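Grab a coffee and work through these exercises with the structure open beside you. Each one has a task, then a solution in steps.

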Amino acid sequence: MSALEDRPIGFGRLKRKEDARFIRGQGNYLDDIRLPGMLHAAILRSPFAHARINSIDTSAALALDGVAAVITAKDLETLGLAWMPTISYDTQAVLAGDKVRFQGQEVACVIATDEYIARDALQLIDVDYDPLPPVVNARKALDPDAPLIRDDKEGQVDNLASPLWEAGDEQAADRVFAEADTVVERDIIYPRCHPAPLETCGMIADFNPQTGQLNIYNGNQAPHAHRTVYAHVAGLAEHMIRIRCGDIGGGFGNKVPVYPGYVCAIAGSIVAGAPVKWIEDRSENLMSTGFARDYIMHAQMCSKDGRITGLRVDVIADHGAFDSTAQPTKFPAGFFHIVCGSYDLQAAHVQVKAVYTNKAPGGVAYRCSFRITEAVYLVERMVDALAHELGVDPVELRMRSFIHPEQFPYQTTTGWTYDSGDYQKTMRVAMDIAGYEDLRREQAEKRARGELMGVGVAFFTEGVGAGPRRHMDILGLAMNDGADLRLHPSGKAVVSLSAQTQGQGHETTFAQIVAEELGIPPEDVEVRHGDTDKSPYGLGTYGSRSTPVSGAAVAVVSRKVRDKARAIAATMLETRPEDLAWEKGRWYVKGDRTQGVTIFDITKRAYSGEVLPEGFEGGLDAQVIYDPPNLTYPYGAYIAVVDVDPETAHVTVRRFIAVDDCGVRINPMIVEGQIHGGLTEGIGIALMELISFDEEGNCLNGSFMDYLIPTALEVPDFELGETVTPCPHHPLGAKGVGESPNVGSPPAVVNAVIDALAPLGVQHLDMPLTPARVWAAMQGRPEPPQ
Amino acid sequence: MNISISINGETVTRDVEPRTLLVHFIRDTPGLTGTHWGCDTSNCGACTVLMDGRALKSCTALAAMCEGHEIATVESLERDGELDPLQQGFHECHALQCGFCTPGMLMAARGLLDVNPDPTEEEIRVAISGNLCRCTGYKNIVAAVRWAAEHQEVAP
């Protein structure tokens, strides 16, 4: 064994353990799994946004050679699987029986011997539809003459998806606005977009009728929560269901919900008596699975004596045909009321009204903690609008209005308690990297020559790591996470997690946490996850909650093991535990460093036949369920530099500076990688990603031909910086980071483009900033995207 | 129809439907699942392989069109336990996260380095512009390809 000081332990830029299989093409993604006798499912989808189903004739499909079964809503009714619960306490049709409510909705499912035959059979199913007028524009969903979408729901008389939801203090906000000297008002849309992970969604279901065991292979972000849902839906006991998530080709929120295709795969396996694989194609992914955003916002912001004082926001949220948005139960608009941002406001008021439309359901976060992305976009656009109105630099208005370091923990007017921050410092670091003053000089010179260059600033505060059980649950399940840690006699460790990686590098980061806490090399720590039979209960990975919740759980469980080790060490050293001190990897007698035992000696002792402390059983292990006392509040200052071609209206993001403060960084390399990826998605959302519909409710962006995501040519060489303000309540001082770059980058890019277009009188322009839409704005005809 | 394709130096023969895509042939017949499928429209590049040394999206070709051609997949990169410099570079530079685009990226980059062993950043970005990555923001992929270019001499 090498000396302690030689061993690379704990935090730092450790290269990833998981790379070894991925660079060899040996990942284990869903489609790579082939079970003996496995059949393949394909789903017939509605061509209409809204139509009554008169009849479904499956006889020709059933007659096709190789077809094992064709399932419709009628078949599911007999299994009790025709409808399923959503994660927002709504119900969603697994297969449409009465009518279809969005284009792409699931209508029938074919089970066949291979995927080509399954798809051939779809062509042979004859569905007789009666088209109905669709509700496409969310603003008109509550009109008295709007067609009723959810006539399946008893007592539903209109298209309101959830009651009006409010936060903040309306009267206080009115007073602040009455006392203000400047008010700006804007209509701002955060259009519908899609997480579009590179691997689409799918499942292999394998039901054994003899044992009643249901084995599921599925890339989802919350395997334990999914198992609980299936137990409810299928009426099976949880211990009879096992979900295994192998490698997942990206999630970004898209793999949080339970989809009808999953239930079809399960039903298919029950009906056909064989394992059934269902994997959606890209169009199915974009047209039917969880979209993100779709917030139509109206906002007013005011200031007095040059500081921001108040904010009022009114939102129409488009939830699509079934309410399957993802958020903790208490918060139907997610964490949107973090919309006060990073500013010390006197008052704010927010109201959100959610409606049904004839569009795909969703409203999942796309790399965003429950609507914080919409909130940050809104507040950062409004601050820029106010700065423009006041004639001050947008950085200057932010600096004047920031919450100050000594105000933390800071209570916002809408009910959040921010944990820690030094916003001015982070803003200054970003300005230094950018060379902010030089950029403004360059911009002035270019403007004088008629060139369109813009500099955009955004400063975000996120609340991530949901969350405290007294406030947060999903479907009645507290948003806590477990960790089990077991040390083997050799000192090698296995830690089991409920977090579910989709590329975030959990096998490396969580090993580093154990390594840091126990002083053993990270390569000696195996991270086990993605199997409900082999991991503790917990709510999974989304909302940047892995490090804030599971990371804390792993730190706490490691410390529990360390405390047990201390007692054993005291027995070995014939002293009292309180007389021992810890340094990486060993307990020693205070005042005499030569008297000590390493974690390896202690582990060996724990499994040996020698004496252990009073009351100790053999072995060395521990388990916890971690309940976070608060969210963690990462923040950052982002600066985008753009050039707009005056002749083509094409936007080039020339530079992007991102300074994140996510507290203590466990593996800075992985953190930076997450930031690069999120910035790219954010630039995509700002410039090109859009799910839109025509007036018949036809989805216009159902493939990667039309749903554009950035390539290597559309993103710059990012410039990152950091400040470190530890989280005071997280055992490692860490905060979440995965979503920050997606949250913070769209307003920076949009603010930059609008800054570039300011000489043309453009005051607002909704995303995505495609050349056509920018061109229209340059001509004085900006159009909303929907 | 019965077709034979050389995949990673071994001839693979199978009776297939004429419509069988090369990506499905590669994944099903020799069971080389490193080549991924990610879209229906030849946009994402997760299925990129080399055909006669040039990058090809294997969802764009019918297996039948590839008879008599040499196909190389990600599984061909490591030789005798020695990683391709690109594989090493991707690990060194943290150029992958979920790993789903990685095989396609590696093959697109291999196709580039085989004809241009010392590419500029711009040339790298153009060469991988047919390959989508949702996780990395490309910055570290570009760095990894440069790393490989600078470490070509270790290649077998």
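Before the tasks, one term: a nonpolar core is a set of buried Ala, Val, Leu, Ile, Met, Phe, Trp, Tyr and Cys residues joined through C-beta atoms within 7 Å. A residue is buried if 20 or more other C-beta atoms lie within 10 Å of its own, exposed if 12 or fewer, and partly exposed in between, with C-beta atoms placed from the backbone.

House rules: this is a predicted model, where local features need pLDDT of at least 70, side-chain atom pairs count only at pLDDT 80 or more, and totals for chains, interfaces and linings use all residues. Residues are numbered from 1 along each chain as its sequence is written, while chains are lettered from A and ligands numbered from 1 in the order in which they are written.

**Exercise 1. Find the residues that touch the most other members of the largest nonpolar core.**

Step 1. The largest nonpolar core has 269 residues, and the ones to pick out are A:Ala41, A:Leu95, A:Val110, A:Val749 and A:Val753.

Step 2. Helix α9 (residues 372-390) of chain A gives this core its largest share, eleven residues. Helices (H or I, at least four residues) and strands (E, at least two) are DSSP runs, numbered from the N terminus.

Step 3. Now zoom in on A:Val110. Skipping neighbours within four places in sequence, its contacts are A:Ala41, A:Ala42, A:Ala61, A:Val67, A:Val70, A:Ala118, A:Ala121 and A:Leu122. Two residues are in contact if their C-beta atoms, placed from the backbone, lie within 7 Å.

Step 4. Another core, of 40 residues, lies apart from the largest one; among its members are A:Val495, A:Ala565, A:Ile568 and A:Ile602. As a rule of thumb, nonpolar side chains tend to be buried together in soluble globular proteins.

**Exercise 2. Is A:Tyr343 buried or exposed?**

Step 1. Look in the loop between β16 (307-318) and β17 (347-355) of chain A, where A:Tyr343 sits.

Step 2. Count C-beta atoms: A:Tyr343 has 23 others within 10 Å, so it is buried.

Step 3. Beyond four places in sequence, A:Tyr343 touches A:Ile308, A:Ser401, A:Phe402 and A:Ile403.

**Exercise 3. Do the same for B:Gly89: which residues does it touch?**

Step 1. B:Gly89 belongs to helix α2 (residues 85-92) of chain B.

Step 2. B:Gly89 counts as buried because it has 25 C-beta neighbours inside 10 Å.

Step 3. Leaving out residues up to four places away in sequence, B:Gly89 touches B:Ala95, B:Ala144, B:Val145, B:Trp147, B:Ala148 and B:His151.

Step 4. Check a distance too: B:Gly89 and B:Val142 are 53 residues apart in sequence, yet 9.9 Å apart in space, C-alpha to C-alpha.

**Exercise 4. Describe the fold of chain B and how its two domains meet.**

Step 1. Chain B has five helices and five strands, in the order β-β-α-β-β-β-α-α-α-α from the N terminus.

Step 2. Its radius of gyration (taken over C-alpha atoms) is 15 Å, which agrees with the value near 15 Å for a compact globule of 156 residues. That rule is 2.2 Å times the number of residues to the power 0.38.

Step 3. In chain B, 56% of the 156 residues are buried.

Step 4. The domain assignment, which is automatic or from a database, gives domain 1 (2-75) and domain 2 (85-154) of chain B. Their C-alpha centres are 21 Å apart, and the contact takes 16 residues from domain 1 and 13 residues from domain 2.

Step 5. On the domain 1 side of that contact, β3 (48-51) and β4 (54-57) of chain B each supply at least two residues. The largest share there is three residues, from β3(B).

**Exercise 5. Which helix gives the largest share of the side of chain A that touches chain B?**

Step 1. Start with the totals: 44 residues of chain A are in contact with 41 residues of chain B.

Step 2. On the chain A side, α1 (19-22), α8 (282-288) and α16 (668-687) each supply at least two residues.

Step 3. The helix you want is α16(A), with six residues.

Step 4. Sort that chain A side by class and you get 18 nonpolar, 15 polar and eleven charged residues. Here Ala, Val, Leu, Ile, Met, Phe, Trp, Tyr, Cys and Pro count as nonpolar, Asp, Glu, Lys and Arg as charged, and the others, Gly among them, as polar.
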